[in-house]
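Welcome! Take a look at the sequence and the structure below, and then we can walk through a few of the features together.

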Amino acid sequence: MSKKPEELRSHRWYGAHNLRAFGHRSRTAQMGFDRSDYAGKPVIGILNTWSEINPCHTHFKQRVEEVKRGIWQAGGFPIELPAISLSEPFQKPSTMMYRNFLAMEAEELLRSHPVDGAVLMGGCDKTTPALVMGATSMGLPFIFMPAGPMLRGNWRGEVLGSGSDTWKYWDALRAGKISEADWQEIEEGIARSPGHCMTMGTASTMTSAAEALGLTLPGASSIPAADSAHPRMATQTGKRIVDMVWEDLRPDQILTPAAFDNAIVTVLALGGSTNAVIHLIAMARRAGVPLTLDRFDVLARRTPLLADLRPAGRFLMEDFYYAGGLRALLARIPHLLSLDCLTVNARSLGENLAGAESFNEEVIRPVGKPLLACDGIAVLRGNLAPDGAVIKPGAAQAALLRHTGPAVVFDSRADLAARIDDPDLPVTAESVLVLRNAGPLGAPGMPEWGQLPIPKKLLEQGVRDMVRVSDSRMSGTSYGACILHVAPESFVGGPLALVRDGDLIELDVSARSLNVLIDDAEMARRRAAWQRPAPHHGRGYGRLFETHVTQANDGCDFDFLEAGAPTVEPDIY
């Protein structure tokens, strides 16, 4: 132990001989605990994002008890601190709007209570970055415990993947290829257990990124929620955080620029969600690492896609785990990683990968047989996205990666819903669908609207992909030639606000370019006539969000929450 009991942060609450400490001890006794339960022991805050409206975390009631068991066994004192759940399927307009809310809550829960270290329980999309952002800003030792993916879905012997097959069969229903009865059967078979999406969506992307950053136990992110290895991992997580407190192993020792490079390479090798771009930028800047979009593009040009996982590939997270999981994948690409990066178990990333191997080369491919040689994510720039936009080339039809077509513009999600299936909509397969006012401020909250639906009349003709451009995001389980996160967004006067029906939009992924083919003079005329819309919120959290959120290329964090002078410790006397 490098830290003495009287040096524990919680000692300020419990160890003094004064009236205030008397109150802390007497109230702890009121909850049924004896002094021997906590005196001189690390107090571990367990931030639990369980709720009855979050299906991804339904098992957290049990997992928190298993985390506590590990803490008790290691000589710590666990306290469960419920935090906002951020239920991806249910929370509107978007959990992205509330990511920063959970980040603030996580930071302040840890700061305001007698906590020496923390276990962060998350997994559903935004919970991972939010918890890590908040705990990083607080600076105490912490370890992340991922929720784990759910089991494979099933329909009439067909394997179903969350999100990806939802969009696929919804298009099939709209095109008349399946019946309403079929659709209901799919609805009842696609989600079969606790856990988050089992495709390589945002949830598995971000938990895998957290592991690559060194914030979880080795292999933790790949374990299915229903597998018995998962509760064992939870207990081991509880044990390990107690030692981390004694060792004073803090996030600033782990979250280095090299660690974030490791996380980006991991996302790219997995075919991970484009949402990781926004989240990793925000997480890095909380750690004082000035990560930008350009770094993603640099690393994308040399990182192969090796995980054959939906939506870019064929398999699901359960298959990935039994093929060897994330450790096996990373062991394929040691030349692309900084193996000396420290992790939460006090070992290096390289030490944690020792002995890992793939047991199924269809699921985790050799470097010589990648799904894609490079460009898992591409960063685009041009007069339509001067501050950048992103696309996932592997999820698009190859013929669309270089394309010029006339714009069909929708001013809002409501406008899109009202007109997309109109038989008279002037659209062809060569058109470029444009959705604006769907960004951080425009929606607000930057919902996952970026996978614009294919117009029904084109679905009936067999069209399954088109170029689509928006300032919104899309689910990591989505697919298609979708250009996302266009910055600056249209709501603040970005060039997307000036596009009109019929304007030619030119995409060239290999050149990393996205342009609208109108001259500067015409762009200036349109800009002079543009008027900024009124804000959506006049009060409450919405007002706070709209006043302080940054653009997508800067991580959509609040401008006052990025790394800066540390917040002072509370006066407890």
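Let us begin with a long stretch of the chain. Residues 41-352 are 49% helix and 9% strand, and the C-alpha atoms at the two ends of this span lie 28 Å apart. Please keep in mind that you are viewing a predicted model. The UniProt record, an unreviewed entry, lists residues 41-352 as "domain: Dihydroxy-acid/6-phosphogluconate dehydratase N-terminal".

**A helix with two sides**

Next, turn to helix α2, residues 19-30. With 12 residues at 1.5 Å a residue, α2 should span 16 Å, and its end C-alpha atoms are indeed 16 Å apart, so the expected and computed values agree.

Which residues of α2 are buried? They are A21, H24, R25 and T28. Looking down the axis of α2, these buried residues fall within an arc of 90 degrees, so they line one face of the helix. Their packing partners are α1 (11-14), α3 (35-38) and β2 (77-82). On the other side of α2, the residues L19, F22, R27 and Q30 are exposed.

Both ends of α2 deserve a glance. At the N-terminal end, N18 acts as a cap, with a side-chain oxygen 3.3 Å from the backbone nitrogen of R20. After α2 comes G32, which has a positive phi, near 95 degrees.

**Rings that meet**

Now for the aromatic side chains. The structure holds 15 aromatic pairs. One of them joins F101 and Y541: the ring planes are at 75 degrees, so this pair is edge-to-face. F101 sits in helix α5 (residues 95-112) and Y541 in helix α21 (residues 540-548), so the pair ties together parts that are 440 residues apart in sequence. F101 is partly exposed, with a relative accessible area of 33%, whereas Y541 is buried, at 15%.

Y321 and Y322 form another pair, and with their planes at 55 degrees this one counts as tilted. Y321 is partly exposed, with a relative accessible area of 22%, and Y322 is partly exposed as well, at 43%.

Here are the two pairs side by side:

| Pair | Distance between ring centres | Angle between planes | Arrangement |
|---|---|---|---|
| F101 and Y541 | 5.0 Å | 75 degrees | edge-to-face |
| Y321 and Y322 | 5.2 Å | 55 degrees | tilted |

Which aromatic residues form one cluster? Y98, F101, Y541, F545, F558 and F560 do, so to find this group in the viewer, you can start from the F101 and Y541 rings.

Conventions
Residues are numbered from 1 along each chain as its sequence is written. This is a predicted model: local features need pLDDT of at least 70, side-chain atom pairs count only at pLDDT 80 or more; totals for chains, interfaces and linings use all residues. Side-chain values use heavy atoms; hydrogens and water are left out. UniProt positions are given in the numbering used here, feature names are shortened, and annotations may be inferred rather than shown by experiment. Helices (H or I, at least four residues) and strands (E, at least two) are DSSP runs, numbered from the N terminus. The expected span of a helix is 1.5 Å times one less than its number of residues. Buried means under 20% relative accessible area, exposed over 50%, partly exposed in between (1.4 Å probe, protein chains only). The arc is that of the directions from the helix axis to the C-beta atoms. Contact means heavy atoms within 4.5 Å. A polar contact is a pair of N or O atoms within 3.5 Å; within protein, one must be able to donate a hydrogen and the other to accept it, and residues adjacent in sequence count only if both atoms are side-chain atoms. Rings of Phe, Tyr and Trp (its six-membered ring) pair if their centres lie within 6.5 Å; planes under 30 degrees apart count as stacked, over 60 as edge-to-face and the rest as tilted.
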